[in-house]
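Colleague: I have the sequence and the coordinates open beside me. Could we go through the main features together?

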Amino acid sequence: MRCSLKRFVLVLALLYLVPHTCGQEDNHLTCGRRKVKTQYYIHHGVNARAGHWPWHATIYHQNKYACGGSIIDESTILTASHCVYLESGVISKTRVSVHVGRINLKESSEHTQTFDVRDIIVHPGFSKDSIIKDIALIKLSSNITMTKYVQPVCLWTMDSKLDTIVGRNGTIVGFGSNEHNVVSDQLKQALIGVMDPLTCIATDRDVFGTHLTTDIFCGKGQTGVSACNGDSGGGMFFETNGKWYVRGLVSFSPERGNTTLCDPLKPTAYTDVAKYLNWIKQYIDQRVLTYDSDVLDIDYEEKLRLFNFKTCGVKVSQVDNYNTSWTLPWVGYVTSQHENKHRCVVTLISDWYAVGSADCFENNGVE
């Protein structure tokens, strides 16, 4: 489903809802904890692994993928208002279903759960003629069964000031349009930096200058990396003290030329969930609210684990008829696609990374 407002497109996304296992401890329900051990990969638009984002949900309209969402308790999905809104008003709950535990749109797995909808709660300030208050809740007809692959994310209960996240990176996930302008079959994840409002407005005054409010913030990834059509309603997540929190909801982005597609070179607007905590609290299980820390200590950069201490630094012996020699398997060479010769030596430090001198690379490391 695609909706556009003059010069910008609402970034609709049907993301599969990933349920969360809620364990009761001290009258609290666990949230924001991964139960599956996975490595952290940062790449633009890399495939997400099963259990890596267990709170992600996908929303369907009459069995057709529409948007993304996030599990916030055993029966509640957080999403964008425009994901559950038609020209005639709020969509009928009988036309909506939600999936959790899904990482592929075409292939279900034993982790996938499907739910009918009991109620749709759109923020009273939202209307089809505006993009303010773009936040909604979907109440499921039955409780999610929490597993290692289905868990709730924590709501942002820390400082709601925007400057606490400006300049930092959050992670978005979704099935939105890829480089071929089609909805991705595979769940993707990408790192997005939060921008200050004035910088965002300067990128497109016609769109952001007239639509950016204090309840919306902007985010932008590396060149060509962004949320797009089909990612709407999905969350922007930050980790602090080992827990994941949802701070933003994909809302809208400028249009690309004369199309209704997103412009991946421009920022995307996110509904600031922290500004709506009091509204959300009316409709959810209070035990998921966490106030563990007054100190905001976010690990904004998801990092690939660079070193495997079980294997790093181990030499490999080679034996021939005359002697035994030792090789250095971590030594490599950088070559150019345009030159048939070695440019310099590098040292392999993991399965993904090597280090070398800066003058070894042209174009400031882009090559």
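**Overall architecture**

Modeller: Certainly. The protein has three helices and 25 strands. Please bear in mind that this is a predicted model.

Colleague: How much of the protein is buried?

Modeller: Of the 367 residues, 52% are buried. The accessible surface comes to about 18100 Å², and carbon and sulfur atoms supply 48% of that area.

Colleague: And what share of the contacts joins residues at least 24 apart?

Modeller: The share is 71%, taken among contacts between residues at least 6 apart in sequence.

Colleague: Turning to charges, how many salt bridges are there in the whole structure?

Modeller: The search finds six. One of them joins the side chains of Asp215 and Lys133, at 3.2 Å from N to O. Asp215 is in the loop between α2 (205–211) and β17 (216–220), while Lys133 is in the loop between β12 (113–122) and β13 (136–140), so this bridge ties together parts that are 82 residues apart in sequence.

Colleague: Is Asp215 buried or exposed?

Modeller: Asp215 is buried, because its relative accessible area is 16% and the cut-off for buried is under 20%. Its partner Lys133 is partly exposed, at 25%.

Colleague: Which residue does Lys275 pair with?

Modeller: Lys275 forms a salt bridge with Asp272, and their closest N and O atoms are 2.7 Å apart. Asp272 is buried, at 1% relative accessibility, whereas Lys275 is partly exposed, at 32%.

Colleague: What about Arg287?

Modeller: Arg287 has a salt bridge to Asp285, with 3.0 Å between the closest N and O atoms. Both partners count as partly exposed: Arg287 has a relative accessible area of 23%, and Asp285 has 22%. Elsewhere, shared partners join the salt bridges of Arg247, Asp272 and Lys275 into one network.

Colleague: Does Arg247 lie over the face of a ring, and if so, which one?

Modeller: Arg247 lies over the face of Trp156, 4.8 Å from the ring centre.

Colleague: On to the aromatics, then. How many pairs does the count come to?

Modeller: The count is 12 aromatic pairs. Among them is Trp53 with Trp55: the ring centres are 6.4 Å apart and the planes stand at 75°, so the pair is edge-to-face. Both Trp53 and Trp55 are buried.

Colleague: How is Trp53 arranged with Phe237?

Modeller: Trp53 and Phe237 are stacked, with 5.9 Å between centres and 20° between planes. This pair links distant parts of the chain, 184 residues apart: Trp53 is in the loop between β5 (46–47) and β6 (56–61), and Phe237 is in strand β18 (residues 235–240). Phe237 is buried, as is Trp53.

Colleague: Which residues make up the cluster around those rings?

Modeller: Ring pairs link Trp53, Trp55, Phe237 and Trp244 into a cluster. In addition, the charged end of Arg34 sits over the ring of Trp53, 4.4 Å from its centre.

Colleague: Let us move to the surface. Which residues form the nonpolar patch there?

Modeller: The patch consists of Leu328, Val331, Tyr333 and Val345, which together have about 370 Å² of accessible area. Tyr333 belongs to strand β23 (residues 331–335) and is exposed, at 51% relative accessibility.

Colleague: And where is Gly313?

Modeller: Gly313 lies in the loop between α3 (277–281) and β21 (316–319). Gly313 is exposed, with 58% relative accessible area. Its C-alpha is 7.9 Å from that of Trp330, and the two residues are 17 apart in sequence.

Colleague: One last topic, the backbone. What is the phi of Gln62?

Modeller: Gln62 has a positive phi of about 50°, although it is not a glycine. That deserves a remark, because most residues other than glycine have a negative phi. Gln62 is in the loop between β6 and β7 (64–73), and it is exposed, at 54% relative accessibility.

Colleague: What about Asn241?

Modeller: Asn241 also has a positive phi of about 50° without being a glycine. Asn241 is in the loop between β18 and β19 (243–254). With a relative accessible area of 48%, Asn241 is partly exposed, because exposed requires over 50%.

Methods:
Residues are numbered from 1 along each chain as its sequence is written. This is a predicted model: local features need pLDDT of at least 70, side-chain atom pairs count only at pLDDT 80 or more; totals for chains, interfaces and linings use all residues. Side-chain values use heavy atoms; hydrogens and water are left out. Patches are made of residues with over 30% relative accessible area and no salt bridge: like charges are joined within 9 Å, nonpolar side chains (Val, Leu, Ile, Met, Phe, Trp, Tyr) within 5 Å. Accessible areas come from the Shrake-Rupley method with a 1.4 Å probe; for residues, only the protein chains shown count as cover. A salt bridge is a side-chain nitrogen of Lys or Arg within 4 Å of a carboxyl oxygen of Asp or Glu. Helices (H or I, at least four residues) and strands (E, at least two) are DSSP runs, numbered from the N terminus. Buried means under 20% relative accessible area, exposed over 50%, partly exposed in between (1.4 Å probe, protein chains only). Contact means heavy atoms within 4.5 Å. Rings of Phe, Tyr and Trp (its six-membered ring) pair if their centres lie within 6.5 Å; planes under 30 degrees apart count as stacked, over 60 as edge-to-face and the rest as tilted. A charge sits over a ring if NZ of Lys or CZ of Arg is within 6 Å of the ring centre and within 35 degrees of the ring normal.
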